[in-house]
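This note sets out several points for a colleague who is beginning to read protein structures. Please keep the sequence and the structure in view while working through them.

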Amino acid sequence: MEAFEYSPNPGRVVFNSGTIKTLPEELKRLHLAKPIILSTPEQVDQAKNVEAILGDHVEVAGIYSNATMHTPVEVTDDAVKFASSRGADSIISIGGGSTIGLGKAISIRTSLHHLAVPTTYAGSEMTPILGETRDGLKTTRSDPKILPGTVIYDVDLTMTLPVWLSSVSGINAIAHAAEALYAQQRNPIIELMAQEGVRALASSLPEIVATPDSRSARSQALYGAWLCGICLGSVGMSIHHKLCHVLGGSFNLPHAQTHTIILPHAIAYNAPEVPEAMEKLAKALPDADGDAVKGLNILLSKLKVQRGLRELGMKESDVDVAADLAVRNTYWNPRKIERDPIRELIRRAWAGEEARSDL
């Protein structure tokens, strides 16, 4: 057994169907009584539903429904002013990574308690990591204070999540676990969580595509997303997440779709240097036959997701720009970061080619 360190992140998690109805109890437990509710413009109805559930129990400070992809700092500044002007004593974010990211950004700036209610499988709610965009560049930072204090997982809220979004959000979660398996700070607990998280999502996502209203599949996917989120929040990420932050922040590409397209290529890049991690990942992927890259390619085919960055609006001329940005700052990765193979990785992802372990 190799030496390891494991420091579990603090935080309360409530998982079941119908758990959104426990929000008044959770606020009471924390002695909080005036939350601000966050959402994207598209999910404002869910924010209003939270407001209705809180009803006579607490005074809602207001609904801020301008959460935006990649957490632009100007949106955060506006939201902080809104919360302050309304006298909010807490934050409830309901939605995916954009909304929860805004909640984290407000919380770290104001010290308000953050209750996250995820409606996708992105996993941001389980991490002390915040990614923010300023002037077209996305940067990340980690701080224990960024971690939401309470997370409410309600399977019911995922039942109407569109199939395409379920698929890309689920692959986004799998990416967290996949990179955790070869992380510099990996440990036996996180490795177990990573394998179980991948297994849960890789088995449930195709079932969701076939039967979107399968409660068992939705529950299993949310469970997997929780485990993958813990992985993301517990160990450092590598080339996959670096590339996705570069592509998302610099070219305004949608977060989950970008993760989905890049993942098999990033795994193919690192595979030669991490055979043990690839063996564990392959065991968690159906149809992998011992080949993790093959397993990911087959899974994405089953889910019928977009496979090319050009389908998201990225220009071919951006490939070189992205390669330059990806190698600009040094960061840990199990394989040395070299521009030529990184450029080829991005080119293949741009063109929509299947991943191959010959980079």
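1. Helix α5. Of the 18 residues of α5, 15 are buried, so this helix is largely enclosed by the rest of the structure. The model is a predicted one. The length of α5 can also be checked: at 1.5 Å a residue, its 18 residues (163-180) should span 26 Å, and the C-alpha atoms at its ends are indeed 26 Å apart.

2. The largest nonpolar core. This core holds 58 residues, and those that touch the most other members are Tyr121, Ile171, Leu263, Ile267, Met278, Leu281 and Leu285. Two or more residues come from each of β8 (150-154), α5, α6 (188-210), α7 (215-234), α9 (255-270), α10 (275-284) and α11 (292-303). The greatest contribution is that of α7, with nine residues. A second core, separate from this one, has 24 residues, among them Ile239, Ile262, Ala326 and Ala351.

3. Tyrosine 121 and threonine 158. Residues up to four places away in sequence being left aside, the contacts of tyrosine 121 include Thr158, Leu161, Ser166, Leu205, Arg218 and Leu222. Threonine 158 lies in the loop between β8 and α5. Its relative accessibility is 0%, under the 20% limit, and therefore threonine 158 counts as buried. With the same exclusion of sequence neighbours, threonine 158 touches Thr119, Tyr121, Arg218 and Leu222.

4. Helix α4 and the residue after it. The 14 residues of α4 reach 20 Å from the first C-alpha to the last, close to the 20 Å expected at 1.5 Å a residue. The helix is mostly covered, since ten of its 14 residues are buried. Among these buried residues are Ile100, Leu102, Lys104 and Ile106. What follows α4 is serine 111, with a positive phi near 70 degrees. Serine 111 belongs to the loop between α4 (97-110) and β5 (113-118), and at 67% relative accessibility it counts as exposed.

5. Another positive phi. Aspartate 289 is not a glycine, yet its phi is positive, at about 50 degrees. This residue occupies the loop between α10 and α11. Is aspartate 289 buried or exposed? Its relative accessible area is 65%, over the 50% limit, so aspartate 289 is exposed.

6. Alanine 268. This residue is part of helix α9 and is buried, with a relative accessible area of 1%. Apart from neighbours within four places in sequence, alanine 268 is in contact with Val293, Ala355, Arg356 and Ser357. Glutamate 59 is 209 residues from alanine 268 in sequence, and the two C-alpha atoms are 51 Å apart in space.

7. Salt bridges. Side chains of opposite charge can pair when their charged atoms come close. How many salt bridges are counted in the model? The count comes to 21. Glutamate 26 pairs with arginine 29, and their closest N and O atoms are 4.0 Å apart. These two residues are three places apart in helix α1 (residues 23-29), so about one helical turn separates them. Glutamate 26 is buried at 5% relative accessibility, whereas arginine 29 is partly exposed at 45%.

8. Salt bridges between elements. In the bridge of arginine 109 with glutamate 132, the closest N and O atoms are 2.9 Å apart. This pair links distant parts of the chain, helix α4 and strand β6 (residues 129-134), with the two positions 23 residues apart in sequence numbering. Arginine 109 is partly exposed at 33% relative accessibility, and glutamate 132 is buried, with a relative accessible area of 8%. Arginine 339 and aspartate 324 form a further bridge, with their closest N and O atoms 2.7 Å apart. Here arginine 339 is in helix α13 (residues 339-351) and aspartate 324 is in helix α12 (residues 318-326), 15 residues apart. A network of salt bridges links Glu344, Arg347, Arg348, Glu353, Arg356 and Asp358.

9. A nonpolar patch on the surface. Met1, Phe4, Tyr6 and Ile189 make a nonpolar surface patch of about 450 Å². Tyrosine 6 lies in the segment before β1 (12-16). With a relative accessible area of 32%, tyrosine 6 is partly exposed.

Notes. Residues numbered from 1 in each chain as written. Predicted model: local features only at pLDDT ≥ 70, side-chain atom pairs only at ≥ 80, totals over all residues. Heavy atoms only, no water. Helix = DSSP H or I, 4+ residues; strand = E, 2+ residues; numbered from the N terminus. Expected span 1.5 Å × (residues − 1). Buried < 20%, exposed > 50% of the residue type's maximum accessible area, 1.4 Å probe, protein only. Patch = residues over 30% accessible without salt bridge, like charges linked within 9 Å, V, L, I, M, F, W, Y side chains within 5 Å. Areas by Shrake-Rupley, 256 points an atom, 1.4 Å probe, with all protein chains shown as cover. Salt bridge = Lys/Arg side-chain N within 4 Å of Asp/Glu carboxyl O. Core = buried A, V, L, I, M, F, W, Y, C linked by side-chain atoms within 4.5 Å. Contact = heavy atoms within 4.5 Å.
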